[in-house]
Every structure is written in C-alpha cells, then in structure tokens.
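Q: Please take a close look at a single part of this structure, and then place it in its wider setting. I am new to the structure, so a connected account would be welcome.

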Amino acid sequence: MSTTRRLSWSMMLTVEPVLFFYAFGFFMNIPIAQQYVYKRLSEAKGFPYHFQQDDGDTGCGSKSNDTMKKLEREVQTYASYVQLGIVMFSALPSIIITLFMGGWSDKVGRRPTLILPVLGGVLDAAGVLIVMIFDLPIYCLFVGAFLHGLCGYYTAIILACLSYIADTTNQTQIALRLGILELIIFLGGMVAQLSSGLWIEKLGFTPPFWFIFACNMTSLLYAVFIVPESRLKSTVERGKLFSLDNFKSSWRVYHEASGFRKRNLVILTASVGITSIAVMSTSSVINLYTLHSPLCFTPEYVGYFSAFRQFIHGVGGVTAIKAFGMCLADINVARLALLSYLGFLVMLGFSETLLLVFLSPIVGIFGGAGSPVLRAMMSKIVSSDDQGSLFSAVSSVEMLCTFLGTAMLNSLYPKSLKFSAPGFVLFLAGIFLLLPFAFTFCLKDHSMFKKRRLMVNKASEYERITDNEEEKEPCSPSSSGDVSEDSPITVMPPQNLPRWRRYLTVEPVVLFYTFGIFMSLPVLTQYVYFRVSKFKGFPYNVSETSEKGCNDDAGANSSLKELEKEVQDLAAQIDMGNVLFLSIPSIVVVLILGPWTDTGGRRPALLAPPIGSAVESILILLIMYFEWPVYVLFVGEAINGFSGFVTIMTMAAFAYVSDVTSEKGLPIRIAIVQFAVFIGGVVSQLTSGLWLRHLGFIPPYWFIFACHMAAVLYVIFLVPESTHTTEKKKMRLVSFDSFKAIWNVYKRPRNGGRKNLVMLLISDGIISLGVMGISGVVALFVLRSPLCWGPTTLGAFMAFRFFMQGFGGIVGIGLLKRFMNDINVTRVGMVTQCASLAFFAFSDRTWMVFLVPIIGIFGGTVVPLYKGMMSQMVDTDERGAMFSSVSTVDTFCNFLGAFIFNPMYIRSAERGFPGLPFLVAALLIIIPLIMTKFLKDPTTFRKMTENSTTEDKATEETKEVDEKDVELKDVPLNEGQEVKL
C-alpha cells in the first residue's frame, strides 16, 4: 500500500533532466556532424560550400553553372550515404541490445538502462572529437556510432524513460506525462538546433562537439547520483543482461496477450514504428533538403528551422494531449496528430521559399502528440511488471523502422535529385503516415484503453502518490467518442486555488482573446480599405505621418469623391461578408456546444474560440504576405465561425462565472468580465494605429496570433473546471439533445415568470442589434470626409469608447444600485445609449465624436444586469444552455445589424446624411426601454424559488409554479416601495 509523502524537486524531476541533456547533445550532434561531413566531402570534391561567411545569404555556390550542379549532386549523394552508414552502425546494435535491456530492467531496475546509453553518447562524442582534431577519414565516425549503438543508443534511453514514467505515474496521467517527455526531447532539440548554426559559423566544428561531450557527461552524472530507482531488484530472478529470458519476456508480452489485447498491441506497435519513419527518418533528409538549391540554407538557418520545428511539435503535442483530451478519446487525438504531421511533410515538400519552410511546422503543430498517445494506450493494456519488456519491443521496432526508413529515404533522395524533385521523399514519408491512421480504425474493444490498471510501485525511498478515487467502470463504446476516461474533466472548486486564481479564472482568457479580436477589427478593416483603395486608385495613406487618411482634395475633386464612394461601398460589402461567414457558423456551433457544457464542462468551450482565431490569423498573414484576393478572408472567417467565435467565448465565460459566483455578486462579476473585454478593446484599439503607422499590417497580426495562443495556453494550464456534479445524463457533443435543452429552458414552467426570461432575451438581442450591429459603420463613418481620420485617431477613439463602456458599467452598477433596483439601473443605461447614438449621428468634428462615449457612459450597465437576472431565473445545470441561447441571439442580431446598417449607411451617405444608421439604432434601444415596464423584480423570483424548493424538500415532491398561478406587480420606479403579491 502506498503512502503519501511530500514531493521534493528530485521526485518531480526524475528522468527529465537526464533526457533533456542527452537530447540536447543528441540533436546538436546530428546537424553539426552532418554539416561537418558535408564540408569534408565538399572540400574533397571541390564544391564551394561556405559554412562560415560574412554575408550569410546562402550556403551553396551559384547554381547557374552545370558543373557546379553536378558537383552538388555528388556531394549530396555521398553525404546521404555517409549519414546512412552512421545510422546503420548505431541503430542495428541498439535494436538487438534493447531487446535484452527491457526484460533485464524489469528485474534489476531502470537506472542501469538509463545510464548505459548516456555513457554511449559520451564515447560517441569523444570519437567524433578525435576524428576532427586529427583530421581522420570521415568513415572513422562509424566507430563512435557503433559504440553508441552497443550501449543502447537513443532506443535504450527512450525505453528506460518510458518504463520509468510508467512505474511512477498514475495511469490517467500517463499520456500527458509521456507528452511532457516528448516536449523535453523537442526542447532539448530546439535549443541545440537553434544554437548549432551559431556554433559552426562563429567557432567551427570542434568547440560545439566539446559542448556535446559536456552535455552527455552532465546527463551521466545526474543519472548516477540523483535519479532514484523506481523498481527494486527481484529477489526471485537473477538479473543477467545477456540472457535469453530477457529476450523472451518481450515476446511473451505479445504472445500471452488474449483476445483483442493481442490484436491491439500488434496494431499499436506497428503504428508507432511506421510513425517513426515519417518523424525520425526524415530528419537527415530535411537538413539536406534545406541545404539544396533553391533554399541553400546556411548553418544558422538550418539551426533556426530545426529549432522552430522541434519547438512547435513539442509544445503542440503537449497542448493537443491536454486540450483535445478533454473532449476526444485518445485514439482520436492520435488520428488528429497523424494528419497534422502529414500536412507538415506535404507543405515542406512544396516549399521553395524561406517563408513557406518556416510556416510548414505550424501546419503540423499537433504532430508531436501521435507517439506519446499511442505509447500510453499500449501501457494501459499490459501489467506494471511488463512495462520494460513492452517498451523494449516498442523501442526496438521504432529504431528498426527508423533505420529502414533512413536507409530507404536517404537512398531515394539522391535519385529524386536527378528528376529535380527533392521533395519526393517527404511526400513518400507522408504517405506512410496514412498506414497508422488506417490501422487505428482496426482497433477493437476501446474500453481496455480506459481501464485503470492497478499500479504496484516497488521504488526504494521513492513512493508514488496515488489517488483515492474509486475504480470507475469503463465507458460503453457508445460514449467513447466524446470524453476520454483517461483524460477526465477534473472539477476543481475555486476555494482550492491560490487566492489570485480565485478571482482570475476566465478573466485573463477573455482579456487575451478580446485583445486579439478587437485589435483585428481596425487592422483588418483598414487593410481591406487599403487593398480596395489600391485596387480603385484612391489615395488612402495608412502609414504616412499625415493624420488624415483620405486625400485633402477629396471634398473638392468630384472624381476622388466618386472614388471614395466606390471604396466605401466595396469595403462595406466585404465587411458584410466577413460578418456573414463569422456569424452563421458560430450560431450553429453555440446551439450544439452550449448545452453540452452543462455536463461536459466549460473548458472546451473556452478553448475553441482562441484556437479558431489563431488559425484565422495565420490565414490572414498568408493573404498579406502573398497578396491573395481579399475575398480569401472569408475562408478564415468561416474557420473562426465554426470554432464559435465571440459567441462561444461569451457563453462560456458567463456560464463559468455563474458557476463559481454567488447570486448576490453575479452582476458585478459579469460586469468585471465585460470590463476585461473593454480593457482588451481599449489597449488594442489604442495601440492599433501606432502598429499600422510604424510597422504596417503584418507585425500587428503576428501579435494578434500570439494573443490567441496565450489565451489557449492559459485555459489549458491555469483555468480549472467549474461545473458542479449533476444528475443530468451526460450529453453527447453532436446531438439533437442540445437543441432540446435550449428549448426546455424557455418551455419549462418557472417560479415567477417564464415570460420575463423571454422578454429579457428579446431585450438583450435588440440592444446587441443597436449597439454592436452598428460597429461596422463606426469605422467607415470616421474614415470618410469631413473627418478623414487616420489609424492613430481611429485607434484612440475606439480605445476611449471601450474604456468608457467598461468603466461606466462597473461604476454604474456599483454606484446606481445604491439608490435604484436592477431594472431602473438598466433604464438609465439605455437612456444614455440612446442619447450617445443620436449625438453620434450629427457629429462632424473630432471633439464631437470623442464626446459620444462620455454621453453613453452608463450604457455598459445594461448587458451585465440583464445576463445576471437571466442567470438567477434558471437552475445551475441549465446555465450553459441559457447562455448559448443568449449568445446565439446576440450574434444573430450583430449579423442582422451588419446587413441592416451597412447598406443603410451606403444609401444615406449617397444622400448626404451618413449618420442615419445611428439614429435608427437609437430608436431601436427605445423598444427594450419600453419593455422594462412589463418586467418583474428578480428578487421576487428568487424568494419564490427558494420557498418552493423548501416545500419540495419537505414533501419530497417536485411542484412547478407557472406564471398563470402567480401575479406580480410591476417594479415601482422607487425601490423603497414594496412589491406585493
């Protein structure tokens, strides 16, 4: 029986530092040794390869000379064969020795198998140094590779680390822990590759290999003196390394498995092996590919690309396991990873420019999740005493496939050069990934991947912390596609968090996300305006020092005035298209995802929008780099829409806050979330003009992408789940039950007013129509004459407008509620909104436009109070469905507003009164203002609900009170008056 102990740093950091330093040396060895061989062969053949140069432009000479081209092919061919020899002399011995090491480590412990490959790395580095110092033939490199292989090579250290983690980790966390190990490998590779080019260019080849030697020595000393053992030596069996029993133990893992276990083990092992062909075997070919013309990377760029690739795959792998594990089964995460890496290889194979090469790892961002997930699935099938035997077989298969793949791809690469198709081998590796993808559909009985294997920890002075959760029944196959049992949604009450995280849950996510969204609005609007102006020949100056964005002669010159109208019309139409492709998909998605979060958790809904926005940002950057047609923007908007856009984020944030906040504090908490929205808008809008004026359009969109990625990472690692335990049946993600749940929110009789809930929903939608639907017109209104604002002024105004709405909302709720009830506060807010919109319609001076937000200062109180009142009327397990309907109505009204106000603006501008849409929006706000006359006091609803609940508990009956059974008087204008029944 395991006991609980305080975790020390040495327990939390076990094999990770060993693997990091080994991986650092291992991955730094690959490009440096490869480029050393390339340099030696270039010298022997007389090919001008310059690894140290002043201009740093290219690493290869001019290719206009046919002789140079022929020499380059010869050098590439010989370098490929030498690399193949190094892999052969290290891989083949390691495959054999690893088959003995696995069973041996089950008997004597994991540390010997951890130490041996690191020792081999030390000997290999020493051998390479001797070759370099004494200028020995390059074939002497095979000796060091052979010694490394005899000690187990990369195969053995992977075996040791995987087995060690399986010994000391709770089974539900194995996939994530293995993903972290993969990230450690990629991080070591990233830092090594990033610095390798600088080492070579500044110091040559010998100093970096001394550093590789030092890394391996550090790893060796850490493994010997710091890493504790995870298994005690067996007292029954003697641990001989070269014993046939060790070899048989790996065979028994597969031979003695029964039923579908054997089938699944074989399929998963084959999948991991074939995946290694595409992941590991392509490394050397990718380096040669980037050294070849037309890319001609220098060592510095080879290092940069390798580092970037390792980092993206490592971080993306951990992120995919953590994020998608909340809503997908492990096997589906593995399928996504395989397809992602396939996309990386295909895009890299077509890349002929520096930009495309560096964009390709982003396409394969989730590729690093494949192998860890597949290994974790295998680990759950076998017992804890067979982990070493299992992973020795898996590691051997991986290394065998890596060797065969390297031999095949390095042999085919020189042949592909003859046909001027160096990317062919990358396409071929991508085709191989389709095999494990197909194999995953042959797996049977997925419940075995969800069962919790009993962990028996035999550590000496290292006791694993185990949870006390009861054994859960495996999920039925019908539910395996939704939420993986090995990646359960963990409910973490806010009171268990540090103090700062109790009050900062979704707010930073909302801040990062809205920062990116609101910064994209003026940047994208002005980019479209710039592209349309350029197409029409209208002189719109986005980056000049002049504050006016339009030409001063536009008012006097009839031709320019006509051009300005054409630009405004086309820009308005594109804006309507963007809204259409964003809004319609997000409305559909929120109707499905919103109710699902009541049983499936809020975090997936918080993750989807920033992921979609990040993908859209990448597409917009491609449009800007390659000047694709502006209509391609609609593709990115559709992707963002299907991820939920602001609709899902709003629903998820408000539902999350409602879960963790008392009813009394709910309005102010919603106002704080809304204030986070406005702060994101303030800072982003305030700085957007400066970004555009000084840096153009591309740098700010890289920053927008970073904001969305920050939101994704914050949700994954810092936001706990908020949903409570519910008796409701867990809902499938894609199910008609989602729509039924939304319908039931408004169909179900409620204590004190179902009609009030419907009226609040309609009022909230009309306010969104009048306030948010007009947003697209605001930028066009101030960009035209006579205002002719530039980017800086537009950004300053949008920032000021958002700040006044957010600040006014919090101050209004905190101050006005001292003297008025909730509904009267909303009435004040709507009156100020109407006044500000009406004033905006007649503003033709800059100071008048900046006065508009001050007039509507309390307009930000309306939405938080309405949503707070609606949240009080529904049960806690209905809030996701309720807020999904609210977000749907808001988004639909925003979409409808764009189609109403944008054409109205075009027609009204033609007739000399562009402010007409603002007057119409002000008139719309009057409708919910009138409807407040028919709303009832929400405190009455709450009291009646509490009384009814008390009666239900006493009589053990569920009695619903409909509106027809209760009559409530209207809320008096004076809060001091009593509300009578």
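A: Glutamate 43 is exposed, with a relative accessible area of 51%; here exposed means over 50% relative accessible area, buried under 20%, and partly exposed in between, with a 1.4 Å probe and protein chains only. The model is a predicted one, in which local features need pLDDT of at least 70 and side-chain atom pairs count only at pLDDT 80 or more, while totals for chains, interfaces and linings use all residues. Residues are numbered from 1 along each chain as its sequence is written, and side-chain values use heavy atoms, with hydrogens and water left out.

The side chain of glutamate 43 meets that of lysine 39 in a salt bridge, at 3.4 Å from N to O. The term salt bridge denotes a side-chain nitrogen of Lys or Arg within 4 Å of a carboxyl oxygen of Asp or Glu. Both residues belong to helix H2, where they stand four residues apart, about one turn of the helix. Helices are DSSP runs of H or I with at least four residues, strands are runs of E with at least two, and both are numbered from the N terminus. Whereas glutamate 43 is exposed, lysine 39 is buried, its relative accessible area being 17%.

Helix H2 also contributes arginine 40, whose side chain forms a salt bridge with that of aspartate 135 (3.2 Å, N to O). Because aspartate 135 lies in the loop between H4 and H5 and arginine 40 in helix H2, this pair ties together parts that are 95 residues apart in sequence. Arginine 40 counts as buried, at 16% relative accessibility, while aspartate 135 counts as exposed, at 52%. The backbone of aspartate 135 is also of interest: this residue has a positive phi of about 55 degrees although it is not a glycine. A similar note applies to glutamate 627, a non-glycine residue with a positive phi of about 50 degrees; glutamate 627 sits in the loop between helix H21 (603–626) and helix H22 (633–642).

The search of the whole structure finds five salt bridges. Among them is the pair of aspartate 844 and arginine 845, in which the closest N and O atoms are 3.6 Å apart. Aspartate 844 is partly exposed at 36% relative accessible area, and arginine 845 is partly exposed at 46%.

Helix H2 has a further role in this picture, as part of a cavity wall. A cavity is a set of points, on a 1 Å grid over the protein atoms alone, where a 1.4 Å probe fits but cannot get out, and its lining residues have an atom within 4 Å of a point. Grid points are joined across faces, edges and corners, and the volume is the space filled by probe spheres set on the points. The whole structure holds 12 cavities of 30 Å³ or more, and the second largest has a volume of about 430 Å³. Its lining comprises 25 residues, with Phe26, Ile30, Gln83, Val87 and Tyr153 nearest the centre. H2 supplies the largest share of that lining, six residues. Helices that each give at least two lining residues include H2 (16–45), H3 (66–108), H4 (111–134) and H16 (387–418). By class, the lining has 14 nonpolar, 10 polar and one charged residues; Ala, Val, Leu, Ile, Met, Phe, Trp, Tyr, Cys and Pro count as nonpolar, Asp, Glu, Lys and Arg as charged, and the others, Gly among them, as polar.

For the wider setting, the secondary structure of the chain comes to 35 helices and zero strands. Of its 981 residues, 60% count as buried. Among contacts (heavy atoms within 4.5 Å) between residues at least 6 apart in sequence, 85% join residues at least 24 apart. One buried residue is serine 763, at 1% relative accessibility, in helix H27 (residues 754–771). Apart from its neighbours within four places in sequence, serine 763 is in contact with Tyr866, Pro928 and Met931. Cysteine 215, at 6% relative accessibility, and cysteine 707, at 7%, likewise count as buried. The structure holds zero disulfides, a disulfide being a pair of cysteine sulfur atoms within 2.5 Å.

Technical notes:
1 Å grid on protein atoms, 1.4 Å probe; cavity = no way out; pocket = protein on both sides within 12 Å on 5 of 7 lines; lining within 4 Å.
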